[in-house]
Every structure is written in structure tokens, then in C-alpha cells.
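Please examine the sequence and the structure shown below. The report that follows describes the fold from its interior outwards.

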Amino acid sequence: MKNLNKLELIERAIHNDKLKKKLGYVCVYCGCTNRLILTIDHKTPLAREGKDEDSNKQVCCYVCNQLKGALKHEEFKRYLKNLYELNSLQKYSLNLMN
Ligand SMILES: [Zn+2]
């Protein structure tokens, strides 16, 4: 992604806030609703040829976003499912069933 100047960063932050409002203030992976740590994540990361457009964006908490790294949405869901099956834990989120 190109370097953004201050005005572009502010415009991006405003746009991301609108997007969170539209998509809902909830992490698609863990169901976290703490607005202070909700971020906008690229389903297919930019590093993996994902596009920087709204159809490729989702709401995701900071923790899940960090864990997801450069994984694609479906790859990260598989990773979480495997992780929880290995640990015999309950489903991380009902969202994983989608
Ligand atoms: Zn999360």
C-alpha cells in the first residue's frame, strides 16, 4: 500500500468508522464487541493480492487481526478450527460455522 499523507489517513479512518457501523461492531472471528479494539481487516490481505476495496473488508478485533497476519479469511477460519479441535475447546465463535 502506498504511503498515505495526513489527510488521506484521516479520510481512511472516517471511512473505516462508517464501514464498521455498516458491517456491525463485532469481530467476525471471536465475536468481540469492544469498539476500542475493532479494526478493519482485508479478507484477502493486500500482501496476497487482495484489493483495497470495501467488498474485501471485514470487521475484526486487533487480536484476531494480529493472529490472522497474511492468511486469507478461509485459511484463518481453518486455522482456528484446527486449533480448537486440537485443544478440545468449544467453538471460538458461531461465526466459524458460516
Ligand atoms: Zn477477534
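## A buried valine and its surroundings

Val28 is buried, because 22 other C-beta atoms lie within 10 Å of its own. A residue is called buried if 20 or more other C-beta atoms lie within 10 Å of its own, exposed if 12 or fewer do, and partly exposed in between, the C-beta atoms being placed from the backbone. Val28 is found in the loop between H1 and E1. These labels denote DSSP runs numbered from the N terminus: helices (H or I) have at least four residues and strands (E) at least two. Val28 and Cys64 are 36 residues apart along the chain, and their C-alpha atoms are separated by 9.1 Å.

This is a predicted model, in which local features need a pLDDT of at least 70 and side-chain atom pairs count only at pLDDT 80 or more, whereas totals for chains, interfaces and linings use all residues. Residues are numbered from 1 along each chain as its sequence is written.

## The chain as a whole

The protein chain contains three helices and two strands, and along the sequence these follow the pattern α-β-β-α-α. Of the 98 residues in the protein chain, 16% are buried. The average pLDDT (the predictor's confidence in each residue, from 0 to 100) is 89 for the protein chain, and 88% of the residues score at least 70. Among the elements, E2 has the highest mean pLDDT, 98, and H3 the lowest, 90.

Two residues are said to be in contact if their C-beta atoms, placed from the backbone, lie within 7 Å. Among contacts between residues at least 6 apart in sequence, 53% join residues at least 24 apart.

## The nonpolar core and the strands

In soluble globular proteins, nonpolar side chains tend to be buried together. A nonpolar core is here a set of buried Ala, Val, Leu, Ile, Met, Phe, Trp, Tyr and Cys residues joined through C-beta atoms within 7 Å. Which residues make up the largest nonpolar core? There are ten: Cys27, Val28, Tyr29, Leu38, Val59, Cys60, Cys61, Cys64, Phe76 and Leu80. Strand E2 (57-61) and helix H3 (73-86) each supply at least two residues of this core, and E2 gives the most, with three residues.

Strand E2 is mostly covered, since four of its five residues are buried. Strand E1 (residues 38-42) runs antiparallel to E2, and five bridges join the two; strands are taken to pair if DSSP finds at least two bridges between them. Within this pairing, Thr39 has Cys60 of E2 as its bridge partner. Leaving out residues up to four places away in sequence, Cys60 touches Cys27, Val28, Tyr29, Thr39, Asp41, Asn65 and Lys68.

The loop between E1 and E2 contains Glu49. Glu49 counts as exposed because it has 8 C-beta neighbours inside 10 Å.

## Two helices

The expected span of a helix is 1.5 Å times one less than its number of residues. The table sets this value beside the distance between the end C-alpha atoms.

| Helix | Number of residues | Expected span | Distance between end C-alpha atoms |
|---|---|---|---|
| H1 | 18 residues | 26 Å | 26 Å |
| H3 | 14 residues | 20 Å | 20 Å |

Is helix H1 largely in the open or mostly covered? The number of buried residues among its 18 is zero, so H1 lies largely in the open. One residue of helix H1 is Lys20, which counts as partly exposed because it has 18 C-beta neighbours inside 10 Å. Apart from neighbours within four places in sequence, Lys20 is in contact with Tyr25, Leu38, Ile40 and Val59. The C-alpha atoms of Lys20 and Leu38 are separated by 8.3 Å, although the two residues are 18 residues apart along the chain.

In H3, the buried residues are Phe76, Lys77 and Leu80. Seen down the axis of H3, these fall within an arc of 105 degrees, so they line one face of the helix; the arc is that of the directions from the helix axis to the C-beta atoms. Helix H2 (62-68) is included in what covers the buried residues of H3. The face turned away from the buried side of H3 carries the exposed residues Glu74, Asn82, Glu85 and Leu86.

## Positive phi angles

Gly24, just after H1, takes a positive phi of about 105 degrees. Glu49, a residue other than glycine, also has a positive phi, near 75 degrees. Ser88 follows H3, and its phi is positive, near 50 degrees.
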